[in-house]
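Here are three short exercises to work through with the model open beside you. Try each task before reading its solution.

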Number of protein chains: 2
Amino acid sequence: MSETIPMRDQILSAAEKRVRAVGFNAVSFRDVASDVGIKSSSIHYHFPQKEDLGVHLVTGYRERFQARLQMIDRRSPSPREAIQAFILLYDEALVIGSSVCLCAILSAEANSLPERVATGIRDFFTVNVDWLCKVHDRMDSTAGLFAPLEIIAALEGAMIVSSAMKTREAFDAAAKRILATYI
Amino acid sequence: MSETIPMRDQILSAAEKRVRAVGFNAVSFRDVASDVGIKSSSIHYHFPQKEDLGVHLVTGYRERFQARLQMIDRRSPSPREAIQAFILLYDEALVIGSSVCLCAILSAEANSLPERVATGIRDFFTVNVDWLCKVHDRMDSTAGLFAPLEIIAALEGAMIVSSAMKTREAFDAAAKRILATYI
DNA sequence: CTTTATCTACCTATCGATAGATAGATAAAT
DNA sequence: ATTTATCTATCTATCGATAGGTAGATAAAG
């Protein structure tokens, strides 16, 4: 019994892949439609406007990320282990030369995105910041640590440069440096 | 006697402003043309294709950046002073919420850009890496320092996150941390 | 006369989006 | 059980807007 994946989910998944590769503005309904084997007009049935698609992409991404963060918490890791797992989440999103974290590319485009999409990006970052804050709260001292937003900026920048330069060098260096500050 | 700025330069300058705000894909010939008060078709006289405009934007940006780096060298700064000046160059490019380094936004879009533009971005980064290497060559020890590409990734990421989140927090943190590694 | 720089006018391709038709599933009414 | 109505998900066809790009006229400068 092979489960039939709902078209709506197929669309979201195809769109995310494309957006992560080339950005929101460079993706068209027709691109996504042909990926999943329907017509572009059918996408409007599920997502009336491109903005709606963008909003669902970014909120879905945030929710899945949030779930992964909770999974990390459930393992009751040390702060160092938590950060290590956090970095691994970003690492998974990086495919050199073709894909970065959805919110890395969207935040670079932020000023040309529909407002609700831009808001969704900030929400994603806020979730990350809050989680990192809670990790830091469990530490005796936060001296020398990267600030939460600083960690995110370092990882996002490392992803973008790694993808553009087609080498993991920048990402690996950032990951190592962040982790090194935890005892 | 007010100097008449050549139209070609006006076009480049207007285009750069727009690209830095919203990205390459989100900028049209008509946008740029209306900025400088001509018709979009006239831009094709100076830059036959959009790719040509992009190439000149990125090479011009690199050349000006390179010149600024040489100006820094002429002041014979200490490594720490050199890095400080380097960070200031990036700082100048950051206008919260509306503008980042041209190559920050272009590298995020890299996979959807004409090839010669993507190459130009890598050239820009290479110039930066080479210059940073020379600075590090003058140091007794490079232990603990950010690697050249790591510095660039940190600054680019900090710019993008700062612009998207509408706060300098990430950029200032990155600048401080990089500088702190120099004695 | 040629070159330079711009214009008007237009082209083709594509964009996001809408309208209307259709086929199949579901459900309620008779 | 049959009919009627509604819902779901897609299609075809088309819209107006805009994209990048081209052709040819024009006017000024050398």
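For the classes used below, Ala, Val, Leu, Ile, Met, Phe, Trp, Tyr, Cys and Pro count as nonpolar, Asp, Glu, Lys and Arg as charged, and the others, Gly among them, as polar. Keep in mind that this is a predicted model.

**Exercise 1.** Describe the surface near DNA strand D by class and by element.

*Solution.* Start with the residues: 15 of them surround DNA strand D, and the closest are Lys39(A), Ser41(A), Tyr45(A), Ser28(B) and Ser41(B). Next, map them onto elements: α3 (40-46) of chain A gives two or more residues, as do α2 (29-36) and α3 (40-46) of chain B. Finally, sort by class, which yields five nonpolar, seven polar and three charged residues.

**Exercise 2.** Work out which element of chain B gives the most to the side that touches chain A.

*Solution.* First, count the contacts: 35 residues of chain B meet 35 residues of chain A. Then list the elements of chain B that give two or more residues to this side: α1 (7-22), α6 (102-108), α7 (115-137), α8 (148-165) and α9 (169-180). Of these, α8(B) gives the most, with 13 residues. By class, this side of chain B has 22 nonpolar, eight polar and five charged residues.

**Exercise 3.** Decide how the compactness of chain A compares with that of a globular protein of its length.

*Solution.* Begin with the fold: chain A has nine helices and zero strands. Its radius of gyration is 18 Å, close to the 16 Å that the globule rule gives for 183 residues, so chain A is as compact as a globular protein of that length. To round off the picture, buried residues make up 42% of the 183 residues in chain A.

Terms used
Residues are numbered from 1 along each chain as its sequence is written. Chains are lettered from A and ligands numbered from 1 in the order in which they are written. This is a predicted model: local features need pLDDT of at least 70, side-chain atom pairs count only at pLDDT 80 or more; totals for chains, interfaces and linings use all residues. Two residues are in contact if their C-beta atoms, placed from the backbone, lie within 7 Å. Helices (H or I, at least four residues) and strands (E, at least two) are DSSP runs, numbered from the N terminus. A residue is near a molecule or strand if its C-beta atom, placed from the backbone, lies within 6 Å of it. The radius of gyration is taken over C-alpha atoms; the globule rule is 2.2 Å times the number of residues to the power 0.38. A residue is buried if 20 or more other C-beta atoms lie within 10 Å of its own, exposed if 12 or fewer, and partly exposed in between; C-beta atoms are placed from the backbone.
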